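Thanks for coming. I have one structure to go through today, so here it is on the screen.

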Amino acid sequence: MVASPGGENAIYTENGQTTISGVGVTGEYTIPGLDPNLDADAVRQIAIIHEGMHDKVNDSVIRGNLSLGDYSGAHQESFDKAAITLLGIDQ
Amino acid sequence: MLGNLARRFTAFFLCTAFSCAVIPAPTGIGDTAQETRYENAVRTYYERFSSGRWQGAQIAPRSPLESEKRRLLEKVSVDVHDCSNEQYKCIFGSYRVFAVPRGKLSPSAAYVTAGSAFHVEECFRGDATTCQVALISSDCQQHSGIDACMEADGGRTRSPNPGPVLYFIFNTDFGVTAYGSVASPAQTADERRTAAVQMILQGRQGLLSK
């Protein structure tokens, strides 16, 4: 995983590498759908594990026939929930 | 495959014979060093093709609301493959195949390449023999591997695992100017047009323009 200084607040996994923006590394950000009361460090860990799952699972199996845009929205909840379970965080 | 090898060999030969900088071999994507970008009509989402990846993400507002300032956007992406050959300019990714003939596109053209069945659904500009601006369907009748297509015995209706149907508008001057996909074939001309303009080209050089 690498931190990307400056630029947009974005996180992504490509070619076996997860990149997270500078503001993401500090944990000072929000992720839609997550409990707003979660502390910043928990949010950061969830985001990192979520992205790591793109690298480990076969995205195409989950994506099926969904377009990139539809997949982008559709996978958020399940990936975040899986990360929360792995981390043992109560929401 | 042979077409790809020939293009790579040509690029290599030009560089060694004239000691020039690397000349990129032409591909179905065009200049892969340059990104080709599409946005939805409301400009809240983009997709771009660059360096063999097809990436999509929400577009952040220039002036984010206070509640959005710390929102982390996720980009998702898939591999894009060059399936071009002597007959067709072609790319595919995520069960979606874009391809057009290298020669003239006829107003009633139907062809199969990279496992997808293509059909000119509507010709917006052309004559009896040539269509310059066309709405083309690309039917991925059956999944093959993790992101490719293959023809199904008996067609889509008998396929155990049908893929999406891609609709795109191809203009001979600009390449693919718009595209979109649906789970099953659109039934009317209006539905096809609507599907084909989900993503709209930004700039003057679209996919398959070279």
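Look at B:Val97 to begin with. Setting aside neighbours within four places in sequence, B:Val97 is in contact with B:Cys90, B:Phe92, B:Ala114, B:Ser116, B:Ser138, B:Cys140, B:Cys149 and B:Leu166. Before going on, I should say that this is a predicted model.

B:Val97 belongs to the largest nonpolar core, which has 45 residues. B:Val97 is among the residues with the most contacts inside that core, together with B:Cys90, B:Phe98, B:Phe168 and B:Val176. Which strand gives the most to this core? It is β13 of chain B, residues 165–171, with six residues. As general background, nonpolar side chains tend to be buried together in soluble globular proteins.

Another core lies apart from that one and has 14 residues. Its members include A:Ile11, A:Tyr29, A:Ile84 and B:Leu72.

That brings me to the contact between the chains. Chain A puts in 24 residues, and chain B puts in 24 residues. On the chain B side, β2 (45–50), β3 (53–58) and β4 (73–79) each supply at least two residues. β4(B) gives the most to that side, with six residues. Sorted by class, the side of chain B that touches chain A has twelve nonpolar, seven charged and five polar residues.

There is strand pairing across the chains as well. Strand β2 of chain A, residues 10–14, pairs with β4(B) in the parallel sense, over three bridges. What is the bridge partner of A:Ile11 in β4(B)? The partner is B:Glu74. A:Ile11 is the residue I listed a moment ago in the core of 14 residues.

Now chain A by itself. Chain A has five helices and three strands, and along the sequence the pattern is β-β-β-α-α-α-α-α. The C-alpha trace spans about 35 × 30 × 20 Å along its principal axes. Chain A has a radius of gyration of 13 Å, which agrees with a compact globule, because such a globule of 91 residues would come out near 12 Å. Of the 91 residues in chain A, 30% count as buried. Taking contacts in chain A between residues at least 6 apart in sequence, 42% join residues at least 24 apart.

Back to chain B, for some backbone detail. Most residues other than glycine have a negative phi. B:Arg43 has a positive phi, near 55°, and B:Ser94 also has a positive phi near 55°. Neither is a glycine. B:Arg43 sits in the loop between β1 (36–39) and β2 of chain B, while B:Ser94 sits in the loop between β6 (88–93) and β7 (96–101) of chain B.

Are these two buried or exposed? B:Arg43 counts as exposed because it has 11 C-beta neighbours inside 10 Å, where the cut-off for exposed is 12 or fewer. B:Ser94 has 27 such neighbours inside 10 Å and therefore counts as buried, where the cut-off is 20 or more.

The last residue is B:Pro101, in strand β7 of chain B. B:Pro101 has 15 other C-beta atoms within 10 Å, so it is partly exposed. Leaving out neighbours within four places in sequence, the contacts of B:Pro101 are B:Gln87, B:Tyr88, B:Ala109 and B:Tyr111. B:Asn85 is 16 residues from B:Pro101 along the chain, and their C-alpha atoms are separated by 9.6 Å.

That is what I had.

Conventions. Residues numbered from 1 in each chain as written. Chains lettered and ligands numbered in written order. Predicted model: local features only at pLDDT ≥ 70, side-chain atom pairs only at ≥ 80, totals over all residues. Contact = placed C-beta atoms within 7 Å. Helix = DSSP H or I, 4+ residues; strand = E, 2+ residues; numbered from the N terminus. Nonpolar A, V, L, I, M, F, W, Y, C, P; charged D, E, K, R; others polar. Pairing = 2+ DSSP bridges. Rg over C-alpha atoms; globule rule 2.2 N^0.38 Å. Core = buried A, V, L, I, M, F, W, Y, C linked by C-beta atoms within 7 Å.
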